[in-house]
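Please walk me through this protein model, from its overall fold down to single residues.

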Amino acid sequence: MRVHVDPDLCIGCGICEGDAPDIFSLASSAIAEVIMDPVEPGFEADARMAAEDCPEIAIIIENGEDLETPTAPGADSADDAEESINDNDLERKFDMKAIVDQDLCIGCGICEEIVPEVFSLQNEPYAEVLLDPIPEEFQDAVREAAEECSEAAITIE
Ligand code: SF4
Ligand code: SF4
């Protein structure tokens, strides 16, 4: 198993280092650095826990299946295989879903003001999510909407 930290997403909160201090470190950087690569089998559970706990979904896990597959399906060469694996990583990294809890939403419209491409109150008194998954270009705005929602009604997966 290998793990990567997306420097564009990491906020340096240190949760990963707390979960897996043998794998992640913020000792020499404002963002998390991977200090065990590849992750040794005995530490894989810690790496998964850190990835689950990361509030920014900044940790990408490249599992053993990827590493053990020299030629990915549809790839004609090792380079193609590597490119295909990287594409898979990108899909995982950018796969975001937003959910509005209608028991919490008060229909204030703040989320719609921040990112109308994703949230709408046009058809109902509560915010509706228009896009699933959330395209990359709207993900930062969706995070902002979730932070600004006074009712904490927006969950990001
Ligand atoms: S938990 Fe996520 S956001 Fe926090 S330091 Fe680690 S990688 Fe960065
Ligand atoms: S900001 Fe929160 S409470 Fe307001 S409409 Fe959006 S989801 Fe509902």
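What follows goes from the chain as a whole to its cores, its ligand shells and a few backbone details.

The model is a predicted one. Its protein chain has six helices and eight strands. From start to end, these elements run β-α-β-β-α-β-α-α-β-α-β-β-α-β. The chain counts 157 residues, and 35% of them are buried. Take the contacts between residues at least 6 apart in sequence: 55% of these join residues at least 24 apart.

Now the interior. The largest nonpolar core holds 20 residues. Within this core, V3, I23, F24, V39 and I59 have the most contacts. Three elements, β1 (2-5), α2 (44-53) and β4 (59-62), each give at least two residues to this core. The largest share is that of α2, with three residues. V3 shows how the packing looks from one residue. Beyond its neighbours within four places in sequence, V3 is in contact with I23, F24, V34, V39, A47, I60 and I61. Another core lies apart from this one and has 19 residues. V118, I134, A141 and C149 are among them.

Next come the ligands. Which residues surround ligand 1? They are V5, C10, I11, G12, C13, G14, I15, C16, A32, C54, E56 and I59. By class, this shell has nine nonpolar residues, two polar and one charged. I59 thus has two roles in this account: it is listed in the shell of ligand 1, and it is listed with the most-contacted residues of the largest core. Around ligand 2 stand V100, C105, I106, G107, C108, G109, I110, C111, A127, C149, E151 and I154. This shell also divides into nine nonpolar, two polar and one charged. C149 is in the shell of ligand 2 and in the core of 19 residues.

Both shells list several cysteines, including C13 around ligand 1 and C108 around ligand 2. The structure has zero disulfides. Is C13 buried or partly exposed? C13 is partly exposed, because its relative accessibility is 43%. C108 is also partly exposed, at 42%. C108 sits in the loop between β5 (98-100) and α5 (110-114). Its C-alpha atom is 9.0 Å from that of P125, which is 17 residues away along the chain.

S25 deserves a stop. S25 belongs to strand β2 (residues 24-25). With 10% relative accessibility, S25 counts as buried. A polar atom of the S25 side chain lies 3.0 Å from the backbone nitrogen of A27. Leaving out residues up to four places away in sequence, S25 touches E17, I31, A32, E33 and I35. One of these, A32, is also among the residues around ligand 1.

Last, the backbone. Most residues other than glycine have a negative phi, and most peptide bonds are trans. Four sites here depart from that. The peptide bond between D37 and P38 is cis, with omega about 0°. P38 lies in the loop between β3 (33-34) and α2. A cis bond also runs from D132 to P133, with omega near 0°. P133 is in the loop between β7 (128-129) and α6 (136-148). I57 has a positive phi, near 50°. I57 sits in the loop between α2 and β4 and is partly exposed, at 32%. A152 has a positive phi near 50° too. A152 lies in the loop between α6 and β8 (154-156). A152 counts as exposed because its relative accessible area is 55%.

How values were computed:
Residues are numbered from 1 along each chain as its sequence is written. Chains are lettered from A and ligands numbered from 1 in the order in which they are written. This is a predicted model: local features need pLDDT of at least 70, side-chain atom pairs count only at pLDDT 80 or more; totals for chains, interfaces and linings use all residues. Side-chain values use heavy atoms; hydrogens and water are left out. A residue is near a molecule or strand if one of its heavy atoms lies within 4 Å of it. Ala, Val, Leu, Ile, Met, Phe, Trp, Tyr, Cys and Pro count as nonpolar, Asp, Glu, Lys and Arg as charged, and the others, Gly among them, as polar. A nonpolar core is a set of buried Ala, Val, Leu, Ile, Met, Phe, Trp, Tyr and Cys residues joined through side-chain atoms within 4.5 Å. Buried means under 20% relative accessible area, exposed over 50%, partly exposed in between (1.4 Å probe, protein chains only). Helices (H or I, at least four residues) and strands (E, at least two) are DSSP runs, numbered from the N terminus. Contact means heavy atoms within 4.5 Å. A disulfide is a pair of cysteine sulfur atoms within 2.5 Å. A polar contact is a pair of N or O atoms within 3.5 Å; within protein, one must be able to donate a hydrogen and the other to accept it, and residues adjacent in sequence count only if both atoms are side-chain atoms.
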